[in-house]
Amino acid sequence: MPNYWLFKSEPSSFSLDDLKSRPDATEHWDGVRNFQARNFLRDQVQVGDQVLFYHSNTAEPGVVGIAEVVRSGYPDFTAFDPNSKYFDPKSSPERPTWYMVDVRFVRELPRPVTLAELRTIPELSGMALLNRSRLSVQPVREEEWERIMRLAGL
DNA sequence: GCCAACGTTGGC
DNA sequence: GCCAACGTTGGC
């Protein structure tokens, strides 16, 4: 049984289409610099888990697609690179602070499910997205996942 | 571009 | 350990 997650990304920096066009449609989910999100990536996100790909900080924020985890948590090496915008001198290969996973594009939703729409669904009112709006990696319950799939036309 | 929410940092 | 200052996120 896979677990379900919601990963946020600003489409201006990395969009669903960007993921789709990567080699093998696969990319590192790097740059997460929040401890609670880090804990999920390091401890709970597993190969085969299904991910709602969410576009944030854009004209129509919402869930736009589905991705799948193809590698579970391992040290985020961008933290070790002084030239990376995600560089963190407090993290080292010996004692990494930050973790990432790899995800692969699965599909675009038949239609996006916007944040505004999600807010109107009573069964979804418990979602972290609606209550803990800044968490960029967050668990999604199976019922919530299925409800969103139906909203998307799947 | 504004600004509220909120996570993080650092002085004490 | 508290909490004010600060920086970032992200909706609008």
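This is a chat about a predicted model of a protein with two DNA strands.

Trainee: Hi! Where should I start: what does UniProt list for residues 3-150?

Mentor: Hello! The UniProt record, an unreviewed entry, lists "domain: EVE" for that span. Keep in mind that we are looking at a predicted model.

Trainee: Noted. How much helix and strand is in residues 3-150?

Mentor: The span is 22% helix and 34% strand. Its end C-alpha atoms lie 18 Å apart.

Trainee: On to the DNA, then. Which residues surround DNA strand C?

Mentor: Around DNA strand C you will find K8, Y54, S56, N57, P61, L115, S133 and R134. By type, the residues of that surface are three nonpolar, three polar and two charged.

Trainee: What part of strand C do the atoms within 4 Å of the protein belong to?

Mentor: Sugar or phosphate accounts for 68% of those atoms of DNA strand C, and the rest belong to bases.

Trainee: Which side chains have an N or O atom by a phosphate oxygen there?

Mentor: Take K8 and Y54. An N or O atom in the K8 side chain is 2.8 Å from a phosphate oxygen of DNA strand C. For the side chain of Y54, the distance to a phosphate oxygen of that strand is 2.7 Å.

Trainee: And N57, backbone or side chain?

Mentor: Backbone: an N or O atom of the N57 main chain lies 2.9 Å from a phosphate oxygen of DNA strand C. N57 is worth a second look, since its phi is near 55 degrees, a positive value in a residue other than glycine.

Trainee: Where does N57 sit, and is it buried or exposed?

Mentor: N57 is in the loop between β3 (50-55) and β4. With a relative accessible area of 62%, N57 is exposed, because anything over 50% counts as such, going by the protein chains only.

Trainee: Let me ask about another residue: what is the phi of D24?

Mentor: Phi of D24 is near 60 degrees, again positive and again in a residue other than glycine. D24 belongs to the loop between α1 (16-21) and β2 (26-29), and its relative accessibility of 68% makes it exposed.

Trainee: Back to DNA. Which residues are around strand B?

Mentor: DNA strand B has N34, F35, K90, R132 and R134 around it. Of the strand B atoms that come within 4 Å of the protein, sugar and phosphate account for 64%. The residues of this surface divide into one nonpolar, one polar and three charged.

Trainee: R134 rings a bell. What does its side chain lie by on strand B?

Mentor: A base oxygen: a polar side-chain atom of R134 lies 2.2 Å from one in DNA strand B. R134 is also among the residues that surround DNA strand C.

Trainee: And what is F35 doing at strand B?

Mentor: A polar backbone atom of F35 is 3.4 Å from a phosphate oxygen of DNA strand B.

Trainee: Let's switch to rings. How many aromatic pairs does the structure hold?

Mentor: There are seven aromatic pairs. In one of them, F35 and W98 have ring centres 4.8 Å apart and planes at 35 degrees, so that pair is tilted.

Trainee: Which parts does that pair tie together?

Mentor: F35 is in helix α2 (residues 35-43) and W98 is in the loop between β4 (62-75) and β5 (99-114), so the pair ties together parts that are 63 residues apart in sequence. W98 has 5% relative accessibility and counts as buried.

Trainee: Which residues form an aromatic cluster?

Mentor: F7, F14, W29 and F53 form one cluster.

Trainee: What lies over the face of Y74?

Mentor: That is R71, at 3.4 Å from the ring centre.

Trainee: One more tryptophan: where is W5?

Mentor: W5 lies in strand β1 (residues 4-9) and counts as buried at 2% relative accessibility. V137 is 132 residues away from W5 in sequence, yet their C-alpha atoms are 7.0 Å apart.

Trainee: Last one: which helix holds E143 and E146?

Mentor: E143 is in helix α5 (residues 142-152), and E146 is in helix α5. E143 is partly exposed, with a relative accessible area of 48%, and E146 is partly exposed at 42%. From C-alpha to C-alpha, E143 is 8.8 Å from L124, while E146 is 22 Å from E60.

Technical notes. Residues numbered from 1 in each chain as written. Chains lettered and ligands numbered in written order. Predicted model: local features only at pLDDT ≥ 70, side-chain atom pairs only at ≥ 80, totals over all residues. Heavy atoms only, no water. UniProt positions renumbered as here; feature names shortened; annotations may be inferred. Helix = DSSP H or I, 4+ residues; strand = E, 2+ residues; numbered from the N terminus. Near = heavy atom within 4 Å. Polar contact = N/O pair within 3.5 Å; in protein donor to acceptor, adjacent residues only side chain to side chain. Nonpolar A, V, L, I, M, F, W, Y, C, P; charged D, E, K, R; others polar. Phe/Tyr/Trp six-rings, centres within 6.5 Å; stacked < 30°, edge-to-face > 60°. Buried < 20%, exposed > 50% of the residue type's maximum accessible area, 1.4 Å probe, protein only. Lys NZ or Arg CZ within 6 Å of the ring centre and 35° of its normal.
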